[in-house]
Amino acid sequence: MQIEPYAPNQLDAVIQLSLRAWEPVFDSIQNALDAEVYQAFYPVGWGVSQQKAVEDVCAAEDTNVWVAVDADSTVGFVAVKLHSENNMGEIYMIAVDPDFQSQGIGTALIEFALAWMKDAGMAIDMVETGGDPGHAPARHTYEKVGFRQLPIARYFKKL
C-alpha cells in the first residue's frame, strides 16, 4: 500500500469506497436520531448527500487530498484542511474501503496527514466524528494514534 496525492481520475473510486465504508455509519445515525430529524437531514437519502460531499471536498481548493493505493486500486482516502489563523490542521474526511479495513490503512492515512500538517507548520490537529455505535471504529483509530476526545453534547429536534 502506498499513499499518493489524489488525482481527479480517482474520484469515482473514492466515492464508491466512501459510500460502502459509511453505510453502517449512516445506519447507526438513522437509529440514533428521530425519523423526522433524519429525514430532514437526508431528504433524498444519505448516499446522495455524501456523494456530493466527497465530490466537493475532492474539488475544494482549500483541501488537500491523498489516496491509499494497493495493487493499483484506490482503497482509502484522507482530506485535510489547514486553519492557519490558529495553527490547526483538520482531518476533514477519511474513509477506507470495507474490504481493506482493519489492515492499518486508516492509521497510515492519519499518520501521513499528521506528518504533512506538522511540516506545514500546524501545531495541533483536530478530527471530528460521531459518538454513535457506527462511529466506534473511527473513534478507536483516532484514539490509537493519540487523539483525545472532547466530550460535546449536540441535540436535534424537528421543528
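Student: Which residues of α3 do L11, V14, I15, S18, L19, W22, E23 and F26 in α1 meet?

Tutor: This is a predicted model, in which local features need pLDDT of at least 70 and side-chain atom pairs count only at pLDDT 80 or more, while totals for chains, interfaces and linings use all residues. Residues are numbered from 1 along each chain as its sequence is written, and side-chain values use heavy atoms, without hydrogens and water. Helices are DSSP runs of H or I with at least four residues, strands are runs of E with at least two, both numbered from the N terminus, and contact means heavy atoms within 4.5 Å. On the α3 side, the residues met by α1 are W46, G47, Q50, Q51, V54, E55 and C58.

Student: How many nonpolar residues does the contact of α1 with α3 have?

Tutor: Ala, Val, Leu, Ile, Met, Phe, Trp, Tyr, Cys and Pro count as nonpolar, Asp, Glu, Lys and Arg as charged, and the others, including Gly, as polar. The contact has 4 polar and 2 charged residues, and its nonpolar residues number 9.

Student: At what angle do the axes of α1 and α3 cross?

Tutor: Axes are lines fitted to C-alpha atoms, for helices over the stretch in contact, with angles from 0 to 180 degrees between N-to-C directions. The axes of α1 (residues 11-32) and α3 (residues 46-59) come within 10 Å, and they cross at roughly 135°.

Student: Is α1 parallel, antiparallel, perpendicular or oblique to α3?

Tutor: Under 35 degrees is roughly parallel, over 145 roughly antiparallel, 65 to 115 roughly perpendicular, and the rest oblique. The axes cross at roughly 135°. Therefore α1 is, relative to α3, oblique.

Student: Is H135 buried or exposed?

Tutor: H135 lies in the loop between β5 (124-127) and α5 (136-144). Buried means under 20% relative accessible area, exposed over 50%, and partly exposed in between (1.4 Å probe, protein chains only). The relative accessibility of H135 is 15%, so H135 counts as buried.

Student: Which residues does H135 contact, leaving aside neighbours within four places in sequence?

Tutor: Within that excluded range, the side chain of H135 makes a polar contact (N or O atoms within 3.5 Å, within protein one able to donate a hydrogen and the other to accept it, with residues adjacent in sequence counted only if both atoms are side-chain atoms) with the side chain of D132, at 2.6 Å. Outside that range, the contacts of H135 are V25, I29, T129 and G130.

Student: What is the relative accessible area of A71?

Tutor: A71 lies in the loop between β2 (63-70) and β3 (73-83), and has a positive phi of about 50° although it is not a glycine. A71 is exposed, with a relative accessible area of 69%.
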